[in-house]
Amino acid sequence: MAIYRFKVSFEDYDDIERDIDIKSNQTFEDLHRAIHKSTGYNPELSSSFYVSNDQWKKSEEIAFLPNQRKINNGVASMENSKLSNFIDDPHQKFYYTYNFDRPYDFHVELVKILLEEESGKTYPCVFRSLGEAPKMAGSVIIPPVAKAAISDDFDFLNELDFQPEDTEDLEEMTEMGINSASEDEEDEKDEFMDEFSDDDSYDSEDIQKDDY
């Protein structure tokens with residue numbers, strides 16, 4: 001049984017590679033799972049291989065967990081597609097997209113064909129591993145922003161029995177906490193008293209006596 005050795009590299013990370021040995025009669029799903037056994041990613045996500053030319057231009061698709069549109073269009077499934085049926089070149093290339101929701105793109109290239117299995121090996125297997133696979137997008141947990149400590153002992157608005165309809169009155173408060181409307185009333189009172197004080201017959205003591 002011939003053994004294919006594929007070099008698998010991230011399209012956006014040149015320093016991360018995996019060489020994977022796999023039997024020629026195994027499937028694209030076997031290769032898909034072998035890749036993510038080496039990256040640590042979840043293999044149970046929709047992904048596809050594409051037969052490619054030397055410029056990585058995609059053609060025929062082989063899909064894992066295809067959507068209904070792909071099924072209706074007769075796209076081949078990884079589960080039922082043997083690798084040997086898609087190898088036409090000793091350096092055959094496949095463009096591979098993993099996880100269409102948060103995709104990672106790979107270049108998969110056949111670099112060697114071994115004529116015999118190695119005794120005691122279980123295929124597929126990783127022949128060479130270079131670099132650590134990047135963390136999956138969205139896998140990093142961002143800690144919540146710490147909220148400023150607020151004492152429960154005193155709630156200003158609750159203590160004032162604040163109601164939403166009081167907003168206009170609250171907005172009229174100046175920076176010193178004085179209601180501008182109250183200031184106007186005080187000004188009017190002062191003007192009223194000034195008018196009487198200008199009158200020669202005005203006697204403040206008389207007003208005080210009337211109060212009694």
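The following exercises, with worked solutions, concern the core and the backbone of a predicted model.

In this predicted model, local features need pLDDT of at least 70 and side-chain atom pairs count only at pLDDT 80 or more, while totals for chains, interfaces and linings use all residues. Residues are numbered from 1 along each chain as its sequence is written, and side-chain values use heavy atoms, with hydrogens and water left out.

**Exercise 1.** Identify the residues that touch the most other members of the largest nonpolar core.

*Solution.* A nonpolar core is a set of buried Ala, Val, Leu, Ile, Met, Phe, Trp, Tyr and Cys residues joined through side-chain atoms within 4.5 Å. Buried means under 20% relative accessible area, exposed over 50%, and partly exposed in between (1.4 Å probe, protein chains only). The largest core holds 29 residues, and F6, L31, F49, F94 and V108 touch the most other members. Among the elements that give two or more residues to this core are β1 (3-10), α1 (28-39) and β7 (104-114); helices (H or I, at least four residues) and strands (E, at least two) are DSSP runs, numbered from the N terminus.

**Exercise 2.** List contacts of F49 beyond its neighbours within four places in sequence.

*Solution.* Contact means heavy atoms within 4.5 Å. With those neighbours set aside, the partners of F49 include F28, L31, I35, I62, M78, F94 and V108.

**Exercise 3.** Compare the settings of L65 and N99, for which phi is positive.

*Solution.* L65, with phi near 55°, lies in the loop between β4 and α2 (68-72). N99, with phi of about 60°, is found in the loop between β6 and β7. L65 is partly exposed at 47% relative accessible area, whereas N99 is buried at 7%.
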